[in-house]
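The following exercises concern pockets, aromatic contacts, a salt bridge and backbone geometry in one protein chain. Each task is followed by a solution in steps.

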Amino acid sequence: MNFWTKDEYLRFSDATVDAPRTFVIFEVLYWTGIREGELLALTPDSFDWKKSTIAGLATVCWTVS
């Protein structure tokens with residue numbers, strides 16, 4: 001499995017800053033280490049802005065038929 005170095009990610013991040021939704025999605029994925037399914041399961045109630053935490057992580061699963 002290949003992972004980006006911090007410098008590689010920061011270069012990518014700079015390129016996505018003009019696309020706010022993409023920028024935020026990748027920031028959350030990179031800095032928290034959550035998986036794609038966990039990201040998709042986040043709701044506004046998942047965030048505790050006073051404690052700066054993301055809680056109650058669930059996951060989204062789907063099947064392809």
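**Exercise 1. Determine how the residues lining the largest pocket divide by chemical class, and then characterise that pocket.**

Solution. Step 1: the lining of the largest pocket comprises 6 nonpolar residues, 1 polar residue and no charged residue. In this classification, Ala, Val, Leu, Ile, Met, Phe, Trp, Tyr, Cys and Pro count as nonpolar, Asp, Glu, Lys and Arg as charged, and the others, Gly among them, as polar.

Step 2: the residues concerned are Asn2, Phe3, Trp4, Tyr9, Phe26, Leu29 and Tyr30. A pocket is defined on a 1 Å grid over the protein atoms alone, as an open set of points where a 1.4 Å probe fits, with protein on both sides within 12 Å along at least five of seven lines; lining residues have an atom within 4 Å of a point.

Step 3: helix H2, residues 20-32, contributes the most to this lining, with 3 residues. Helices (H or I, at least four residues) and strands (E, at least two) are DSSP runs, numbered from the N terminus.

Step 4: the volume of the largest pocket is about 310 Å³, where a volume is the space filled by probe spheres set on the points, and grid points are joined across faces, edges and corners.

The model is predicted: local features need pLDDT of at least 70, side-chain atom pairs count only at pLDDT 80 or more, and totals for chains, interfaces and linings use all residues. Residues are numbered from 1 along each chain as its sequence is written, and side-chain values use heavy atoms, with hydrogens and water left out.

**Exercise 2. Identify the element that gives the most to the lining of the second largest pocket, and describe that lining.**

Solution. Step 1: the second largest pocket has a volume of about 210 Å³.

Step 2: its lining includes Val24, Ile25, Val28, Trp31, Leu39, Leu42, Phe47 and Ile54. By class, the lining residues divide into 10 nonpolar, 1 polar and 1 charged.

Step 3: H2 gives the most, with 6 residues.

Step 4: individual lining residues can now be placed. Val28 belongs to helix H2 and is buried at 17% relative accessibility, where buried means under 20% relative accessible area, exposed over 50% and partly exposed in between (1.4 Å probe, protein chains only). Leu39 is part of helix H3 and is likewise buried, at 17%. Leu42 sits in the loop between H3 and E1, and its 19% relative accessibility also counts as buried.

Step 5: C-alpha separations complete the picture. Leu39 and Thr59, 20 residues apart in sequence, are 7.6 Å apart in space. For Val28 and Thr59, 31 residues apart along the chain, the C-alpha separation is 15 Å. Leu42 and Ala55 are 13 residues apart in sequence and 9.0 Å apart in space, C-alpha to C-alpha.

**Exercise 3. Establish the geometry of the aromatic pair formed by Tyr9 and Trp31.**

Solution. Step 1: the structure holds 8 aromatic pairs. Rings of Phe, Tyr and Trp (its six-membered ring) pair if their centres lie within 6.5 Å; planes under 30 degrees apart count as stacked, over 60 as edge-to-face and the rest as tilted.

Step 2: Tyr9 and Trp31 lie 6.1 Å centre to centre with 90 degrees between the planes, and the pair is edge-to-face. The pair links distant parts of the chain, with Tyr9 in helix H1 and Trp31 in helix H2, 22 residues apart.

Step 3: Tyr9 is buried, at 1% relative accessible area, whereas Trp31 is partly exposed, at 46%.

Step 4: both residues belong to one aromatic cluster, formed by Trp4, Tyr9, Phe12, Phe26, Tyr30 and Trp31.

**Exercise 4. Which side chains meet in a salt bridge, and how exposed is each partner?**

Solution. Step 1: a search of the whole structure returns 1 salt bridge, that is, a side-chain nitrogen of Lys or Arg within 4 Å of a carboxyl oxygen of Asp or Glu.

Step 2: the partners are Glu38 and Arg35, at 3.8 Å from N to O.

Step 3: Glu38 counts as buried at 17% relative accessibility, whereas Arg35 is exposed at 61%.

**Exercise 5. Locate Ser52 and report its phi value.**

Solution. Step 1: Ser52 occupies the loop between strand E1 (47-48) and E2.

Step 2: its phi is near 55 degrees, a positive value in a residue other than glycine.

Step 3: Ser52 is exposed, at 66% relative accessibility.
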